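Q: I have the sequence and the 3D view open, but I don't know where to begin. Could we go through it step by step?

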Amino acid sequence: MSESRFTSTDHALMAQALRLAERGAYTTRPNPMVGCVIAHGDAVVGEGWHRRAGEPHAEILALQAAGDRARGATAYVTLEPCAHTGRTGPCADALIAAGVARVVAAMRDPFPQVDGAGFDRLRAAGIAVEAGLMEAQARRLNRGFLSRIERGRPFVRVKLATSLDGRTAMANGDSKWISGDASRLDVQRWRARAGAILTGAGTVLADDPSLTVRLEDDTPFVPPLRVVLDPGLATIARGRVREGDAPTLYIHTADAKPPREIAAQRAVAPADGSNFDLRAVLELLAARGINEVQVEAGATLAGAFIAAGLADEVLLYVAPVLLGDQARPLFAGLGIHSMAERAHLKIVDARAIGQDQRILLQPAPAA
C-alpha cells in the first residue's frame, strides 16, 4: 500500500523499530535484523530486537515487555512475522495469542518458509495487517540477507584505500599505511557486520593480514569467516590469517592437494587456471549462510569482482597523499579501452574520517 496512507505515528514507530533492528548488525547473522515496537496510539508498551540466531525474535521480546498491554495494540515490525518453527516458535502465533489488533510490517519476508504465510496466518485470526511502510529502509538494512535469499549470493562490498592519484600500493607492493588511524578503526565496524572477509593468496603472502575485527569498545560481534582464494593452497602453512578465534576457509581448485588437517577448512570452486569463477565462490558462501562479503584484496581480485558485475558496493578511503604513476592502481583487468566502455558508479555517501575521505559507491547505469 502507499506510504501516504500511514499516519505520522506509524512512521515514527516504524522508524524506531528500524533503529532497534540495526542493533543486531554485528550479531544476528545468518538471520535478518528485525525490530518490533508495540504501541497503543503513540504510547509504546513494549519493544524488542533480534540479537542472535537461536535466541528469541524481536516480536517475542516486545510481547514479553508489553505483557497484557499488548491486547488491542498495534505491533510495528520491520519484517513479516515468521509462521514456521525453526530454532524458535512462530512469531505470528505469538502475536495472535497476545491479542494484538493490528500488525504493520515494513516488508514481506522472501524466505521460502515465510513468504506471505505469516501475513496470511495473522489475517486468518482477524488481525489487520498492513505492509510496505518504510520498505526501502528495511531492505537497505537487510541487504545481505535479502541478497542471499533472492539472488542466491551474498551482498558484496569491495573495500579499498587509495591515494589522491588513485593508487593503492607502491610498485613493490608496500601499502602500509595509505589511510590514517581513524579510517582503519572505521573499517573494523564494516568488518564486524560482514559474514565473511575475503582476500586472495597474493594479499596474504605480501601483506600478512589477520582479517579480524578489532573494535575500540566492548560491542559484541560474531567473528566473520576469513576466506582466502588460494588456487594451489600456497598460504596454508603461513600467515596471521590462520591465527585467532575467527574461522578461516581456504577455497582452492580441484587439482590442489590439501593436507588432511584442513579438511574442515577448505572448499573447492571452479576456476579457469588460477582465476576462480567468482559467482560460484559467492554461491558457495551463500550455502554456508553468509549474507555479506567484504572483499579486502589487491587490484587484480578487486577488479575481477567489478568486471564480473558482482560488486554491489565500493567502500573507498581516499587519503590526502600522492604515490606517483609507478604505484599500483585501484583496479586491474577491467578491460576498458574507450570512454564508451567506462564503468559508472554513483556516490551514495561521502564523509570525512579523520584526515581521509570515506566514499561509498554503488554501480550505476550509464547516463
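Q: Let's start with one residue: which residues is Ala 83 in contact with, leaving aside its neighbours within four places in sequence?
A: Ala 83 is in contact with Pro 90, Val 114, Ala 117, Gly 118 and Arg 121 once those neighbours are set aside, where contact means heavy atoms within 4.5 Å. Before going on, please keep in mind that this is a predicted model, in which local features need pLDDT of at least 70, side-chain atom pairs count only at pLDDT 80 or more, and totals for chains, interfaces and linings use all residues. Residues are numbered from 1 along each chain as its sequence is written, and side-chain values use heavy atoms, with hydrogens and water left out.

Q: Ok, and is Ala 83 buried or exposed?
A: Ala 83 is buried, with a relative accessible area of 10%; buried means under 20% relative accessible area, exposed means over 50%, and partly exposed is in between, using a 1.4 Å probe and protein chains only. Ala 83 lies in the loop between β3 and α3 (91–98), where helices (H or I, at least four residues) and strands (E, at least two) are DSSP runs numbered from the N terminus.

Q: How far is Ala 83 from Leu 122, in sequence and in space?
A: The two residues are 39 places apart in sequence, and their C-alpha atoms are 9.3 Å apart in space.

Q: What about Ala 332, where is that one found?
A: Ala 332 is found in the loop between β16 (328–329) and β17 (345–353), and at 26% relative accessibility it counts as partly exposed. Not counting residues up to four places away in sequence, Ala 332 touches Ala 299, Thr 300, Gly 303 and Ala 304.

Q: Switching to sheets: in what order do the strands of the five-stranded one come?
A: The order is β2-β1-β3-β4-β5, in an open sheet with mixed pairing, and two strands pair if DSSP finds at least two bridges between them. Its edge strands are β2 (43–49) and β5 (128–131), each of which pairs on one side only. From one strand to the next the twist averages 15°, with axes being lines fitted to C-alpha atoms, for helices over the stretch in contact, and angles running from 0 to 180 degrees between N-to-C directions.

Q: Which way do β1 and β2 run relative to each other, parallel or antiparallel?
A: They run antiparallel and are joined by six bridges, with His 40 standing opposite Ala 43 in β2. The hairpin of β1 and β2 has two residues between the strands, and Gly 41 there takes a positive phi near 60°. On to β3: four bridges join β1 to β3, and these strands also run antiparallel.

Q: And how many bridges join β4 to β5?
A: Four bridges join β4 (residues 102–105) to β5, and the two run parallel; Val 103 stands opposite Val 129 in β5.

Q: Why is β1 called largely enclosed?
A: Five of the six residues of β1 are buried, so the rest of the structure largely encloses that strand. Helix α1 (residues 8–22) lies across β1 (35–40), β2, β3 (74–77) and β4, and it runs at about 145° to β1.

Q: There's a nine-stranded sheet too, right? What is its strand order?
A: That open sheet has the order β11-β10-β9-β8-β14-β6-β15-β18-β17, with mixed pairing. At its edges stand β11 (266–268) and β17, each with a single partner strand, so one side of each is left without a neighbour in the sheet. Here the twist averages 20° from one strand to the next.

Q: Which strands does helix α6 lie across?
A: Helix α6 (residues 143–151) lies across β6 (155–162), β14 and β15 (313–318), running at about 130° to β6.

Q: Last helix: why is α9 described as largely enclosed?
A: Seven of the ten residues of α9 (residues 278–287) are buried, so the helix is largely enclosed by the rest of the structure; among them are Leu 278, Val 281 and Leu 285. After α9 comes Gly 289, whose phi is positive, near 80°.

Q: And which ring does the charged end of Arg 143 sit over?
A: The charged end of Arg 143 sits over the ring of Phe 155, 5.4 Å from its centre, where such a placement requires NZ of Lys or CZ of Arg to be within 6 Å of the ring centre and within 35 degrees of the ring normal. Arg 184 lies over the face of Trp 177, at 4.5 Å from the ring centre.
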